[in-house]
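User: Could you give me a close look at one side chain and what surrounds it? Please set it in the whole chain afterwards, and point out any backbone geometry that deserves a second glance.

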Amino acid sequence: MVSHTEPGIAVVTGAGSGLGRVITRALLDDGWRVALAGRRADALEETAGGREQALVVPTDVADADAVAALFRAVLDRWGRLDLLVNNAGMTGPVGTPDEVDVDGWNATVGVNLTGSFLCAREAFAIMRAQDPQGGRIVNNGSIAAHVGRPGGIAYTATKHAITGITRSIALDGRPFGIACGQFDVGNAATDMTARMREGIVQPHGERMVEPTFDAEHVSDAVRYMVGLPLDANVPFLTVMATTMPYLGRG
């Protein structure tokens, strides 16, 4: 029987809401010590719920100095890092490419792509240098890492790029015991998907109310990924509402 990784030290970005909150609480329930990163301290505190093994660190993941300070705080508190869940993200501007504001594009790239890189960069350096060496990085890719939606060029482009980050880290991490995987979620019931209940534009131009599913199933999937020993990895895992139009999208 394969043994599972014992709970250790984790960082979760975007921990103040949505999937980040659900994943963070699941890790805390499992005994992980977790640093919660996100823009709003009050939202992070709400996720933490006063738990002793939670460390709240308000962080703008698009700011390299802020990200460096986040990981310094983790080392100061616990002395090592075993897991990074790169979850912070924003939907960005909606429109055809000619309608998308450049500032909105840059902001989306800053959070979704550069932010994920900055956090992975810091985590990789710690995991490479620590003793015992190694750790795991898990990225939130989204269904948009496979196919986009009408008017979603900024979000779709950044999420496709996350797949490249995942593949690169998984390859570059091999000599150092650093595993990297990605979970791609379709229509989990969070604030971000609330618009699904009102109808969302489909590729043929009509609106359709899309099904959603309980976000707790995403945390269960992440629990499986991070519970594996470092000599086993789930590079890509898709969790979706069974009847959402993804498999026949377009």
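Analyst:
**A close look at Asn-86**

The protein's secondary structure comes to 6 helices and 9 strands, where helices (H or I, at least four residues) and strands (E, at least two) are DSSP runs numbered from the N terminus. Before we zoom in, please note that this is a predicted model, in which local features need pLDDT of at least 70, side-chain atom pairs count only at pLDDT 80 or more, and totals for chains, interfaces and linings use all residues. Residues are numbered from 1 along each chain as its sequence is written, and side-chain values use heavy atoms, with hydrogens and water left out.

Let's start with the side chain. Asn-86 belongs to strand E4, residues 83-86. Its relative accessibility is 3%, so Asn-86 counts as buried (buried means under 20% relative accessible area, exposed over 50%, and partly exposed in between, with a 1.4 Å probe and protein chains only). Leaving out residues up to four places away in sequence, Asn-86 touches Thr-13, Gly-115, Ser-116, Cys-119, Ala-120, Ile-137, Val-138, Asn-139 and Asn-140; contact here means heavy atoms within 4.5 Å. From this list, Ser-116 offers its backbone oxygen, which lies 3.0 Å from a polar atom of the Asn-86 side chain. That pair can be read against the rule for a polar contact: a pair of N or O atoms within 3.5 Å, where within protein one must be able to donate a hydrogen and the other to accept it, and residues adjacent in sequence count only if both atoms are side-chain atoms.

A good companion to Asn-86 is Thr-24, which sits in helix H1, residues 18-29. Thr-24 is buried because its relative accessible area is 0%. A polar atom of the Thr-24 side chain lies 2.7 Å from the backbone oxygen of Gly-20. Beyond four places in sequence, Thr-24 is in touch with Val-12, Ala-15, Val-34, Leu-36 and Thr-47.

Now for residues that reach further out. Arg-223 lies in helix H6, residues 216-227, and at 27% relative accessibility Arg-223 is classed as partly exposed. Neighbours within four places aside, Arg-223 is in contact with Ala-26, Asp-29 and Asp-30. With Asp-30 there is also a side-chain to side-chain polar contact, at 2.7 Å. Ala-66, in helix H3 (64-78), is partly exposed too, at 22% relative accessibility. The touching partners of Ala-66, with residues up to four places away left out, are Thr-59 and Asp-60.

Two loops deserve a second glance. Most residues other than glycine have a negative phi, and most peptide bonds are trans. Against that background, Ser-142 has a positive phi of about 85° although it is not a glycine. Ser-142 is found in the loop between E5 and helix H5 (153-172), and with 7% relative accessibility it counts as buried. The other spot is the bond between Asp-131 and Pro-132, a cis peptide with omega about 0°. Pro-132 is placed in the loop between helix H4 (102-129) and strand E5 (135-140).

A further proline, Pro-203, is in the loop between strand E7 (200-201) and strand E8 (207-208). At a relative accessible area of 45%, Pro-203 is partly exposed. C-alpha to C-alpha, 30 Å separates Pro-203 from Gly-115, and the two are 88 residues apart along the chain. Since Gly-115 is one of the residues that Asn-86 touches, this gives you a way to place that loop relative to our starting point.

Finally, the whole chain. A compact globule of 250 residues would have a radius of gyration near 18 Å, and the protein agrees, at 18 Å (taken over C-alpha atoms, with the globule rule being 2.2 Å times the number of residues to the power 0.38). The C-alpha trace spans about 55 × 45 × 35 Å along its principal axes. Asn-86 and Thr-24 have plenty of company, as buried residues make up 51% of the 250. Of the contacts between residues at least 6 apart in sequence, 67% join residues at least 24 apart. The exposed area is about 11,600 Å², with carbon and sulfur atoms supplying 52% of it; accessible areas come from the Shrake-Rupley method with a 1.4 Å probe, and for residues only the protein chains shown count as cover.
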